[in-house]
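Reader: I am a first-year student and would like a close look at a single part of this model. Please take one helix and explain what surrounds it.

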Amino acid sequence: MKEKNIKPGFDELRYVRRRNRGLFWSTGVFSFFVNMLMLTGPLYMMQVYDRVLGSRSEATLVALSLLVVFLYGMMGLLDYARGRILARAGARFQAALDQRVFDAMIRRSAVARDPVAQTGLSDLESIQRLISSPVLGAAFDLPWTPVFLAGIALFHPWLGLLALGGGAVLIGIALLNQLLSRTPLQKANMSGHKANLMSEEIRTEAEMIQSMGMRGAAFQRWQKARTSALKDNIAANDTGGGFTTLTKTLRLFLQSAMLGLGAYLVLQGEMTPGAMIAGSILMGRALAPIELGLGQWPMVQRAMKGWSNLGELLAKVPPEQERTALPQPKALLEVQGLAVVPPGDNKAQLRNVSFRVQPGQAIGVIGPSGSGKSTLAKALTGAWRPAAGTVRLDGASIDQYAPDVLGRHIGYLPQRVQLFDGTIAQNIARLSQEPDAGKVVAAAKKAAAHDMIVKLPDGYDTAVSSGGGRLSGGQMQRVALARALYDDPVFVILDEPNSNLDNDGSVALNQAIKQLKAEGKSVMIMAHRPAAIQECDLLLVIDQGVQTAFGPKDKVLQEMVANHQTIRKARAPGGVQ
Ligand SMILES: Nc1ncnc2c1ncn2[C@@H]1O[C@H](COP(=O)(O)OP(=O)(O)OP(=O)(O)O)[C@@H](O)[C@H]1O
C-alpha cells in the first residue's frame, strides 16, 4: 500500500506495524529455532534415563552433556537476539509515529477537550513497551504450544489427553481473565493517569499553594485522587493476580499429574521412565507462554487500549495536507463574519465580527471582561478554528498557511504569559535549540527587553521555567513580547501587553508599536488601559461577544462618549425614562 492511500487512524498504525514485517519475520524464524532447541531438555532427560542409566555408560553421559551445553548455549544466544530484535521493532514503531501523534495531540487539544488527545504519547509508549517486552516473544512461542502438546501425545495417548485437557483449561482461564479484568484495568489506568496529572499540576503551582496556605487542601485533593487510583489498582490486581496464581498452580499441578500418570504407565510397562520425565518438562514448556502472558496482562491491556485510543485520535486528526508555500504576506488582515466557539464549548463566544487592518495600522480591541477579546486573538492566530466566517492575511485565508509558517507571520503575546524550561534566548527564539543570536537580540531590542536581559547574571543564557523562574511578572512580559516579535512577523497580536508593565515599560511598548507601524507591519492590541491604545489608529469594540463599533479610533471614542452622555442624560431627573 502506498503511503498516500492510507486512511487516517488504524490504517496508519497497521501500516507502520507492517513496515516492521521484516523484523517480525526474523523473530518468527528465531522463535522456530528457539522452540526446536527447547526440546533439548526433554530429549536429554530421555537419553539419560533410558540410555545412560540403563547402559551405565559414563562416556555417553559426558558426550550427551557436552552436546546439551552447546545446544543450550545456542538457544540462549538465539533468545537474546530475538529480544534485541523486538526491542528495536518497538523503538522503530515509536519513532515512526511520534511526530504524527505529537502533532495530532496538540492539534486535537487546541480544538476540543478530548481524553484520547491527553494520552496520545503515553499510548504510543505503551504499544512500544509491549512490542519490546518478553510478552511478544511469548506470543511467537504460542503457536508451538499445540506442537508440544501433540509431542506429548506421541509418548502416550493418555498423556496427550491430559496435556490437551490442561491446555484447554488454561486457555479458558486466559479468556476469562481478559473478559473480567478489562474493565478494572482500564479503570485503574484512568484513575492513575488522573492522579498523576493532579500531582503535576500541584507541583507546577507549588509557590501559589505554599503562599496561600493551600498545602493541606491540595494534599487532600491529591490524596483523594491517589486513594481512588490505589483502590482501582488493588481491584485490578486482585482480579488479575487471582488468574495468575490460578494459572501457575494449575501448571505445577499438571506437571505433577503428568509425572503421576507417566509413573502409572511406566508401572504398566507402557512407557519408559525417560518419556515420563520428558513429558512433564514438555508440558511446562508448552504452557509457559500462556502463563507469561497472563502474568503481564496489565501491560497487554494497556497497549490494547493505547492502540484503540491512538487509532481514534489519528482518525480524528488526519495528517496535514502539504500546502503550497505562499510568498511573504503584506500586513493586511481582513476578518469577515467571524464566529468562534471555544474548544469543549457549544456556544459561540464571538459572533459576526468584521474588520480590516491595513499595513502600517494598529488596531485596539476594547470591551468589558469576558467580552471575547482573547477569543478573537486565539482565532486570529489559528489556535481556535472559526465556526463561521473567514480570516484572511494578505488575501489568503489563514488555513492556507502551514501552522509553523503562520506562527512566523503572526506574532502573539498571550494574556497569560508562560515561558518554557530553557534559556531566555531559547524562549525568545520560540524553543529553537540553537537560537539565531542576531534575531534574538533584535527582537529583544524591539521589545525594549535587551537592557533588562543583559543585566541578569547570565544574560540571554539565564535559565527560566514555565512560571518565569527568577523573572518578575513585568520582565516575563517583556521576554514574551520579544518572543512575539522574533523573526519579523508581519502582524502582531498583543493581548493586554501592558498589564504587568511599569511606566517605562509602557513607553517602550508604545515605541515598539510605532516602529512596527513604520516598518509597514500591523498590530492588534487587546486592552483595558487607555495607555495601551495610544498608538492605535483603529478601534474595535466588543461587548458580550458581539462587535458594537469599529472605525477610526477618535471617531469610535467620540461616539462612545456621545452615547455615554445620552445615557446619562436619559437617566438624569427629567430625562426620558
Ligand atoms: N476555553 C474556553 N472554553 C469555554 N469558554 C471559554 C474559554 N475561554 C474563554 N471562554 C469564554 O469566552 C468568553 C470570552 O472570554 P475571553 O477570554 O475572550 O474574554 P476577554 O474579553 O478576553 O476578557 P478579559 O478582558 O477578562 O481578558 C467568556 O465568557 C469566557 O468564559
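Author: A close look at helix H6

The buried residues of H6 are Gly120, Asp123, Leu124, Ser126, Ile127, Gln128, Leu130, Ile131 and Ser132. Buried means that 20 or more other C-beta atoms, placed from the backbone, lie within 10 Å of the residue's own; with 12 or fewer a residue is exposed, and in between it is partly exposed. This is a predicted model, in which local features need pLDDT of at least 70, side-chain atom pairs count only at pLDDT 80 or more, and totals for chains, interfaces and linings use all residues. Residues are numbered from 1 along each chain as its sequence is written.

H6 spans residues 120-132, which makes 13 residues. Helices here are DSSP runs of H or I with at least four residues, strands are runs of E with at least two, and both are numbered from the N terminus. From first C-alpha to last, H6 reaches 19 Å, close to the expected 18 Å; the expected span is 1.5 Å times one less than the number of residues.

The cover over the buried residues of H6 includes helices H4 (58-111), H5 (115-118), H7 (134-141) and H13 (297-316). Contact means C-beta atoms, placed from the backbone, within 7 Å.

As for confidence, pLDDT is the predictor's confidence in each residue, from 0 to 100. The protein chain averages 88, and 96% of the residues score at least 70. Over residues 572-577 the pLDDT is below 50, and this stretch has three contacts in the model beyond near neighbours in sequence. Where pLDDT is low, the predicted coordinates should not be read in detail. For the complex, the predictor gives an ipTM of 0.95 and a pTM of 0.76.

Technical notes: Contact = placed C-beta atoms within 7 Å.
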